[in-house]
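These are my notes on the model, set out as numbered points. The confidence values come first, then the chain contacts, then single elements.

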Amino acid sequence: MFSLLLQKELKNIITSPKFTATFLVCSLLILISVFIGINEYENAVAQYQANQEIARQNIAEATSWGRVRNLLHREPNPVQIFVSGVHFDVGRLSNISDYNDVKLVRSPYSDETLFAIFRVIDFAFIVQIVLSLFAILFTYDAINGEREQGTLKLAFANSISRAKYLIAKFSGIWLGLIVPLLIPILLGMLMLIAFKVPLASTDWLSIISLVGLSVLYISLFIVIGILVSAITRSSSLSFLLLLVIWISGVLIVPRLGVMAAGQIVQVESVAQIEAKQEAFQKARWDDYSAELTEVWQEREAQMEGMSDEERTAYRDEMEWTWLEEDDASRKQVQSDIITNNRRLLEESQNRKKLQEQLAFNIARISPVASFQLAAMKLAGTDVGLKNRYETSMRLYKDDFSEYIQQKEAEEGGHGGFNISIDSEQGVQIDFGRNDQTLDTSEMPQYQSPELRLQDTVGAALFDFGFLGVCIVLGFGGSVLAFMRYDLR
Amino acid sequence: MFKFIFIKELRDIIQSSRFTISFAVCSVLIILAFVMGAQNYLSSKAQYDAAIQENRNQIAAHTEWMMVEHSITLPPQPLMTLVTGVSNDIGRNIAMSGRGELRAENTRFNDEPIFAVFRFMDLEFIFGIVLSLFAKIFAYDAINGEKNRGTLKLCFANPLSRANFIAGKLVGSFVGLSVALLIPILIGCALLPVLGVQLTTDEWLKLSLILIAGILYFGVFLAITIAISASTVKPSNAFLIGLVVWIFAVLIIPRTSVLISGRIVDVPNIDEITAQKNRYRTQLFDEDRPKMSNFQLPEGTEIENAMTAFQSFMSDLASARQEKIDVFNARLNEEYSNKKRAQEQLALSLSRISPTSVFTLVTTQLAGTSLNLQHNFMDEAYTYQNAYADFMQEKTGSNRSSGFRMIMITTGGDEEEPEPLDPDELPQFIFSGQSFSEAAQAGMIDLSLLILFNLIFFGGAFRAFLNYDLR
Amino acid sequence: MQNSTIQAAPLLEAVELTKVYEDGVKALNNLNLVVREGEIYAMLGGNGAGKTTTINAFLDFIQPTSGKALINGIDANALPLEAKKHVAFVSENVQLYPNFTAMQNLDFFVRLGGKSHYERLDYERALHRVGLQSEAFDRKLKDFSKGMRQKCGIAIAILKDAPAILLDEPTSGLDPKAGKEFTRLVAELRDEGKAILMSTHDIFRAKEIADYVGILNNGELVAEKTKAELEGVNLEELYVEYMAGYMDEAPVSGSLSNNLS
């Protein structure tokens, strides 16, 4: 009995022109999106490599350790082919030097504004917008359409339990929609192989989880469609209701969540934080200048009463100590600035995290947001992407600075120019070494933050569970509704 | 006759539950778009004001113009409230320097990726995606639904010409739906000043053109849908075909045209160009190095003037170097931006097959949030750079391209406290957006295209219905 | 009835009406029929016999391959807008506009029919006449039963006040009481002098009110009987006989002779 119902449902779907049309459109969309994704990924890799080249050049051309600076680029992640997330919105690269803090700048969209106009479509977008719409299209008249055709009465003129009927209905629609969808998805994966996209096993795991997540998401819309169809009498009404649900779920609730959170938790803009950092930096350097002036006045005072020869001798004797003293306090200033910068950043990041958490939890009223957040997590293109990179780049910067300072100490020279103005000798400029290139073989290498399974799949588990619970609730609801459905 | 059909169509729309529900949803969406857009604009505005203020504070805290790190900021366009365009995707701050290349940084989405996750929902999005979908829902059974209900036969049992019927149908549904749409839109417009978005007369004019474009766009989809309905027998098929057309227009064509133009016009990787520029700069610096090492104070220079002398020496060297760099970079930049603009032009022209992208282009153009926003910002920043360089030259005697931090250690006695700087002395950066007539001129082609689309599809619906099988 | 002295001008006339579809199906073959003032002509026949095609030809919904459909002497296919001024139509299973009230539907269709001088009172009178309850007048049609919708349809035809009326399966799906009421109305209209051409499956009702009964099969008029000729004849038997006979291709000549009388 069950298999008969299931077969009927499957046949009904597969033989309909609706199915042919949607199948073709979905396949086309998915393949285009994967193709665009691969294209964009390859562009990102080319940029990544060009930047590594730039960084290497810069380092090779530096003639003194003080002038060595590094340029770090966000490493493209192949899973972003499927879920671009915030990849296009977040800066790609950051300078690593003693004087500036790490800051990712130049987002792909700001470099290629053309793409920003129409935005890039990715697999997640298609699942989220198009496939959910199609799921509704296939289910809005699941129950009430059969009533309108009179086939519901005919079916229940036989000895069938309502629960069995509903389960068969759901399974039939599910198989009829999901299985054909897997075809273009598999083709998309073949494209990955054909284009030789380098994928690690964890990437494959992420992609497979993403497919699973999409299946869950579409199942949810199938369930919602059946539920609405089982609580309304006419299919035109259920279609309208479902569209309203779709629009609010897909378009309104997620955005409202973010807007609301933006209102509730205020976060200072980057410009404001930078201004605060600059103010502190300036004040600190001013202090340092004053301090240095004082120190030199003191030193002058010690030389009070000496003869010119004595002075020169004393100076020559003390020069090294003084230099070291000055250098130490300069380093103190720098480290104070860095500490303060990081404190300010951390504060703002904490507030941002709070804002994000709030925003996403409000947005999760709509399971659509849940899907999107989980998909981004799986692809590692979630909202934390920027932070993750900046944090790891800061750690690298510490290593880098330490290495440079150590090298500088070894070489005994200072970076940049050294200009001394003396009433006797006039102006003397020391440019440091300028002949040989530096041996940077031991320079610390930057490692992109590794995405462990617990960061991707693990972090998405909650949303998986949430979608699952929604499906179970929705299905339970439709069983209940159908049990009491007026078959007339 | 036309009048009866027209009135009937209006009535049929207004009395349907389809209308009640979708009107309610659209009204909520449109009002929300206004409110959220205003919110978005105001927070951009607040960020802008804060950035300007911080910049002034920073200047005022210094005593030497030499030390000032001036940056200019792109003011948010008030019409981004309704048409976000690329305004969140382009850099807003430019660190000013007397010469050399400028780069806009700190895009809104880079600063606040949280908003990039779901993006903003603006009026352009509502029109482009939601209202076009609603046009489909309204009209997919315009003709074949009447046939199924038998009313088509009943109507044509009377002395009624087909032309009158289809014209009444098209005009009636267009007027009925667009007037209904205008209600929440006008409420939203009236809300703008209340929400704190002040628009100038020019901007109101632009806004009204944006709304006209929106209504025209809606008309295109309505006409397409009615044309489909007049060429199919089953409403469900009409809906499906309509949906496919919608997906192509909204999702596929705009993106694939960008993809195709990227294939046709090969624009070099921007980072490779940077690498080239870097190489050239380093090469020049290396050439100058020996000159610097051999620097000698001119005979008879007082020691107090040594620093100034050195500075002017360095500054001369730097200027000479910079001139070469400027020439080199300008050539590279021009080549790059020419190619990029060619690519953009091609992509945009291709995408104009789809009414959705025509609509996007015309509204962003009018709202001042199109691709040109970025171009204009950079152009004006470069113009400002000259004024800034002149100012700095006058104040410091150098145009500050060397960029090293100087720590003055005076071993002499106490000096006078230097005066803090007055930020008002600095020439102000004023971003002048397009005037209404400029914007209208720029948007004219796309606006006419929308009208053309309307004519084509209205005509198509007309033709299809003249051959329609009434049985 | 057959007396030429009282015979009025034909209001509905099919002259050698033939319709062949693109796929070669012959829907009508050389059909001739005449309906005059004060007459009811009932077309009988199975599904696909050509009854609805005939009506479609009069309404210019199809272009006949050859022959003419004349309304009040005007060629319905050459001058459709002129011809349709003189005809009212009630279709099978009238649905009307579901979002309109009965009044609004009436108002729209009657104005479309060129009568714009009516007032609400006239509509009410017509709806009363067709037997619709007053409380239903301002309800939306989507809440109406099939019978109620059919009543609205006939009210529209009455209000149009055209000399000729086309009825396509008007009683199908109606309960016996509603069917009887409908028959009474049609008879009343005939008595007011309308020329009525109706297609029906209902042999008994046809016999009861029709002045002429035509039996169609495969697009051909195989028999035409006057009311007098049917007196005392079992029409059902005749119908089945003709249908069967036609299959055997026997009594075609008989039908033709009938046609000529």
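1. Residues 400–405 of chain B have pLDDT under 50, and the model nevertheless gives this stretch 13 contacts beyond four places in sequence. Where pLDDT is low, the predicted coordinates should not be read in detail. This is a predicted model throughout, and those 13 contacts of residues 400–405 belong to a stretch with pLDDT under 50.

2. For chain B as a whole, the mean pLDDT is 86, with 94% of the residues at 70 or more. Among the elements of chain B, helix H9 (residues 201–229) has the highest mean, 94, and H11(B) the lowest, 80.

3. Chain A has a mean pLDDT of 85, and 94% of its residues score at least 70. Its confidence is highest in helix H9 (residues 201–231) of chain A, with a mean of 94, and lowest in strand S4 (residues 426–430) of chain A, with a mean of 58. Any detailed reading of S4(A) should take that mean of 58 into account.

4. Which chains share the most contacts? Two pairs of chains touch, and the pair A and B has the most contacts. There, 78 residues of chain B meet 75 residues of chain A. Helix H2 (residues 17–60) of chain B gives the largest share of the B side, 13 residues. By class, the B side of this contact holds 44 nonpolar, 23 polar and 11 charged residues.

5. Chain B also touches chain C, with 20 residues from chain B and 26 from chain C. On the B side, helix H1 (2–15) and helix H7 (151–156) of chain B each supply at least two residues. The B residues that touch chain C comprise eight nonpolar, six polar and six charged. Chain A and chain C have no contact; their closest C-alpha atoms are 12 Å apart.

6. The next point is the overall form of chain A. The chain has 15 helices and four strands. Its radius of gyration is 32 Å, whereas the globule rule gives 23 Å for 488 residues, so chain A is more spread out than a compact globule. Along the principal axes, its C-alpha atoms fill a box of roughly 120 × 45 × 35 Å. Of the 488 residues, 41% are buried. Among contacts in chain A with a separation of 6 or more, 83% join residues 24 or more positions apart.

7. How many residues does helix H12 (residues 306–351) of chain B have, and how far does it reach? H12(B) has 46 residues and spans 62 Å from first C-alpha to last, close to the 68 Å expected at 1.5 Å a residue. Its buried residues include B:Met314, B:Ala318, B:Gln322 and B:Ile325, and also B:Lys340 and B:Glu344. Their cover includes helix H4 (113–118) of chain A, along with helix H10 (235–264), helix H11 (270–293), helix H13 (355–367) and helix H14 (371–396) of chain B. The covering elements thus include helices from both chain A and chain B.

8. Chain B has an open sheet of three strands in the order S1-S2-S3, with antiparallel pairing. Strand S1 (71–73) and strand S3 (104–105) of chain B are at the edges with a single partner strand each, so one side of each has no neighbour in the sheet. Strand S2 (residues 93–95) of chain B pairs with S3(B) over two bridges; in S3(B), B:Glu105 is the bridge partner of B:Asn93.

Notes:
Residues numbered from 1 in each chain as written. Chains lettered and ligands numbered in written order. Predicted model: local features only at pLDDT ≥ 70, side-chain atom pairs only at ≥ 80, totals over all residues. Contact = placed C-beta atoms within 7 Å. Nonpolar A, V, L, I, M, F, W, Y, C, P; charged D, E, K, R; others polar. Rg over C-alpha atoms; globule rule 2.2 N^0.38 Å. Buried ≥ 20, exposed ≤ 12 C-beta atoms within 10 Å, placed from the backbone. Expected span 1.5 Å × (residues − 1). Pairing = 2+ DSSP bridges. pLDDT = per-residue confidence, 0-100.
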